[in-house]
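Here is a short briefing on a protein model. Topics are strand order, helix packing and internal cavities.

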Amino acid sequence: MATRKPVGGKPAARKAAAGKPAARKPAARKPAAAVPAAPLVLSEVRERIDGIDRQIQGLIAERARWAQQVGKAKGPLKAAVDYYRPERESQVLRQVLDRNDGPLSDEVLLRLFREIMSACLAQQEPLKVGFLGPEGTFSQQALHKHFGHSAKGLPLASIEEVFQEVEAGHADFGVVPVENSGQGTIQSTLDMFLTSPLKICGEVELAVHQHLLSRTGRLEDIERVYSHPMSLAQCKAWLRQHLPKAEKIPVASNAEAARRARTADDAAAIAGESAGHVYGLKVVAGPIEDRPDNTTRFLVLGRELFSPSGHDRTSLLVYVRDQPGALYNVLSPFARHGVSMNRIESRPSHTGRWQYAFFIDVSGHVQDAPVARALSELGDYAADVKVLGSYPVALL
């Protein structure tokens, strides 16, 4: 059983749903230099741009020096993971959105500031982040979207290995897929939380666009298609229409599919465009996903809980007692204290035959009073409650 509030909608609606007012109130700041009404000659425009570039570069350098002061304030011998604070980063990026009056889009500005923050953090040493590899997967794209390109990605063979490397301290954080808007939950990720001590410290929502890739780039050559099972499911209508006779072969990841497709002219892979660049494949067709709003949610794994950002989500693992109305009793404290539930899903608990645990996402942080009060009442109805994480709600 699984339900989740829809991810789509206009940016303003998504921000309001995350507890953020849709209307912006830009912070007071110096007015930007007015663009002259009369057109300038090209050389004057370029000279003005060059001057602005020098100012931008100087300000970035100044920001990097102040970021170094943060490291000094925290003391010697600190690792990169000790400087990273997702709640602070989320607050900074939300301020970027609040200030944006165009002409650049919110997505573009978020990407620019994410990279600046990533580079500043990596001055001491880059964060090491494990992801479901090999290179070219959507998990790697989610890593770059959340941590920026200055983080060091560690491609791993399975979701289980991502958990293991973070637990062992070989990776500072991990990025794993947890659900897709069209195909539902990745069960192997949820099952790992039944035994893992790791915490969720972030989430990423990534628009997923699937492409058919091959060595020749010709549809008529293709006799077999490799891809991750979920990607094959996301494109089954397109495949049924355009490649009804081709063999569909599931593999561990889309990047692995691309690696296999590069070895034969009659093979193809369903993957992102980035996988095609990595493995030297041509785009046969794309995007080919059946749903234009195809989105995958990823979780960021860490070893500790972080402070509230002001726009948070809490994930819980709840083991219920076998009694009438057990689920109702577990959920009712959240309703009484005005805590919105975003998602619920049941999974076998692996503690006994026909025993189940519930994964529940609610709005707010465990340190927020309404959530804390609701959790304090769960003990009367639940056999066990595990806080998997309280973390900033995904930005755009």
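The points below cover one sheet and the enclosed spaces.

The model is predicted. One open sheet has 5 strands with mixed pairing. The structure also holds 2 cavities of 30 Å³ or more.

**The sheet**

- The strand order is β9-β8-β10-β7-β11.
- β9 (247-250) and β11 (282-285) are the edge strands, and each pairs on one side only.
- On average, neighbouring strands of this sheet are turned by 35° against each other, direction ignored.

**The β8 and β10 pair**

- Strands β8 (residues 224-227) and β10 (residues 267-271) run parallel.
- The two are joined by 3 bridges.
- One bridge can be placed by residue: Arg224 has Ala267 in β10 as its partner.
- Helix α11 (residues 254-261) packs on the sheet.
- The helix α11 touches β8 and β10, and also β7 (211-214).
- The direction of α11 makes about 160° with that of β10.

**The largest cavity**

- The largest cavity holds about 70 Å³ of space.
- Its lining consists of 13 residues.
- Nearest the centre of this cavity lie Leu190, Ile200, Ser315, Arg343 and Asp361.
- β12 (295-302), β13 (312-320) and β15 (356-363) are the elements that give two or more residues to the lining.
- β15 supplies the largest share, 3 residues.
- By class, the lining of the largest cavity has 9 nonpolar, 1 polar and 3 charged residues.
- Two domains contribute at least three residues each to this lining: domain 1 (76-207 + 294-304) and domain 3 (307-392).

**The second largest cavity**

- The volume of the second largest cavity is about 40 Å³.
- Ser118, Leu121, Ala122, Pro126 and Leu127 line this cavity, together with Phe147, Ser150 and Ala151.
- The lining of the second largest cavity divides into 6 nonpolar and 2 polar residues.
- No charged residues appear in the lining of the second largest cavity.

**To keep in view**

- For the sheet, start from the order β9-β8-β10-β7-β11, then place α11 against β7, β8 and β10.
- For the largest cavity, look at the lining drawn from domain 1 and domain 3, with 3 charged residues in it.
- For the second largest cavity, look from Ser118 to Ala151, both of which are in the lining.

How values were computed
Residues numbered from 1 in each chain as written. Predicted model: local features only at pLDDT ≥ 70, side-chain atom pairs only at ≥ 80, totals over all residues. Heavy atoms only, no water. Pairing = 2+ DSSP bridges. Helix = DSSP H or I, 4+ residues; strand = E, 2+ residues; numbered from the N terminus. Axes fitted to C-alpha atoms, helices over the stretch in contact; angles between N-to-C directions. Contact = heavy atoms within 4.5 Å. 1 Å grid on protein atoms, 1.4 Å probe; cavity = no way out; pocket = protein on both sides within 12 Å on 5 of 7 lines; lining within 4 Å. Points joined across faces, edges and corners; volume = space filled by probe spheres on them. Nonpolar A, V, L, I, M, F, W, Y, C, P; charged D, E, K, R; others polar. Domains from an automatic or database assignment.
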